[in-house]
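Student: Please take a close look at the links between side chains here, disulfides and salt bridges, and at the packing around them. I would like distances and burial for each pair.

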Amino acid sequence: MKAVAVAVIVVLVQFIAEPAQAITCGQVDAALAPCVPYLTQGGEPGAACCSGVKNLKRMAATTDDRRTACNCVKAAANRYTNLKDDAAQALASKCGVAMDVPVSKTINCDTISY
């Protein structure tokens, strides 16, 4: 019985001590993929887009996560030559989200500290 209790404690300690998974560009791309039509054509972002923006905000909880997400968003934005800067700048507010990760082709993501 003691061996089982010790094993359970070891597993719990490893689970608690293991750092949270860092955000990946795959997660960022998946979250913002529904926003591509809005970002390239304008108009209004759809519900799936805004849900993705909200999920991105939730996933980018730390400064390091926000910087990583920023670099991912910047790389994705640069893949779309027809990205509308005004739509990109308005995305978070149109979705009702105070976003810590700007959608920009030119931002210096190292300056994100909040």
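Tutor: What follows goes through the disulfides, then the salt bridges, then the nonpolar core and one helix beside it. The model is a predicted one, and the values below are computed from its atoms.

The structure holds four disulfides. If the bonded cysteines of the protein chain are numbered in sequence order, they pair as 1-6, 2-3, 4-7 and 5-8. Three of the bonds are described here in turn.

Take Cys25 and Cys72, whose sulfur atoms are 2.0 Å apart in a disulfide. The torsion about this S-S bond is about -80 degrees, so the link is left-handed. It joins distant parts of the chain, with Cys25 in helix α2 and Cys72 in helix α5, 47 residues apart. The two ends differ in burial class: Cys25 has a relative accessibility of 37% and counts as partly exposed, whereas Cys72, at 2%, is buried. The cut-off for buried is under 20%.

Cys35 and Cys49 form another disulfide, also with 2.0 Å between the sulfur atoms. Here the torsion about the S-S bond is 105 degrees, and the link is right-handed. Cys35 sits in the loop between α2 and α3 and Cys49 in helix α4, so this bond ties together parts that are 14 residues apart in sequence. Both of these cysteines are buried.

Next to Cys49 in sequence comes Cys50, which is bonded to Cys95 with a sulfur-to-sulfur distance of 2.1 Å. At -75 degrees about the S-S bond, the link of Cys50 and Cys95 is left-handed. Cys50 belongs to helix α4 and Cys95 to the segment after α6, so the bond connects parts that lie 45 residues apart in sequence. Cys50 and Cys95 are each buried.

Now the charged pairs. Side chains of opposite charge can pair when their charged atoms come close. How many salt bridges does the structure hold? There are two. One joins the side chains of Arg79 and Asp29, with an N to O distance of 3.4 Å. Arg79 is in helix α5 (residues 63–79) and Asp29 in helix α2 (residues 25–32), so the pair links distant parts of the chain, 50 residues apart. The helices are α2 and α5, which also carry Cys25 and Cys72. Arg79 is exposed, with 52% relative accessible area, and Asp29 is partly exposed at 30%.

The other salt bridge is between Lys94 and Glu44, with 3.1 Å from N to O. Lys94 lies in helix α6 (residues 85–94) and Glu44 in the loop between α3 and α4 (47–59), so this pair ties together parts 50 residues apart in sequence. Lys94 counts as partly exposed at 37% relative accessibility, while Glu44 counts as exposed at 59%.

The packing can be described next. The largest nonpolar core has 31 residues, and those with the most contacts inside it are Val28, Val53, Leu56 and Leu91. Helices α2, α3, α4, α5 and α6 each supply at least two residues of this core. Leaving out residues up to four places away in sequence, Leu91 touches Cys35, Tyr38, Leu39, Pro45, Cys49, Val53 and Val103. That list includes both cysteines of the right-handed link.

Last, helix α3, which spans residues 36–41 and contains Thr40. Is Thr40 buried or exposed? Its relative accessibility is 14%, so Thr40 counts as buried. The side chain of Thr40 comes to 2.8 Å from the backbone oxygen of Val36. Beyond its neighbours within four places in sequence, Thr40 is in contact with Tyr80, Asn82, Leu83 and Lys84. Val36 is also part of helix α3, and at 22% relative accessible area Val36 is partly exposed. Between the C-alpha atoms of Val36 and Ala76, which are 40 residues apart along the chain, the separation is 9.9 Å.

Technical notes: Residues numbered from 1 in each chain as written. Predicted model: local features only at pLDDT ≥ 70, side-chain atom pairs only at ≥ 80, totals over all residues. Heavy atoms only, no water. Helix = DSSP H or I, 4+ residues; strand = E, 2+ residues; numbered from the N terminus. Buried < 20%, exposed > 50% of the residue type's maximum accessible area, 1.4 Å probe, protein only. Polar contact = N/O pair within 3.5 Å; in protein donor to acceptor, adjacent residues only side chain to side chain. Contact = heavy atoms within 4.5 Å. Salt bridge = Lys/Arg side-chain N within 4 Å of Asp/Glu carboxyl O. Disulfide = S-S within 2.5 Å. Core = buried A, V, L, I, M, F, W, Y, C linked by side-chain atoms within 4.5 Å.
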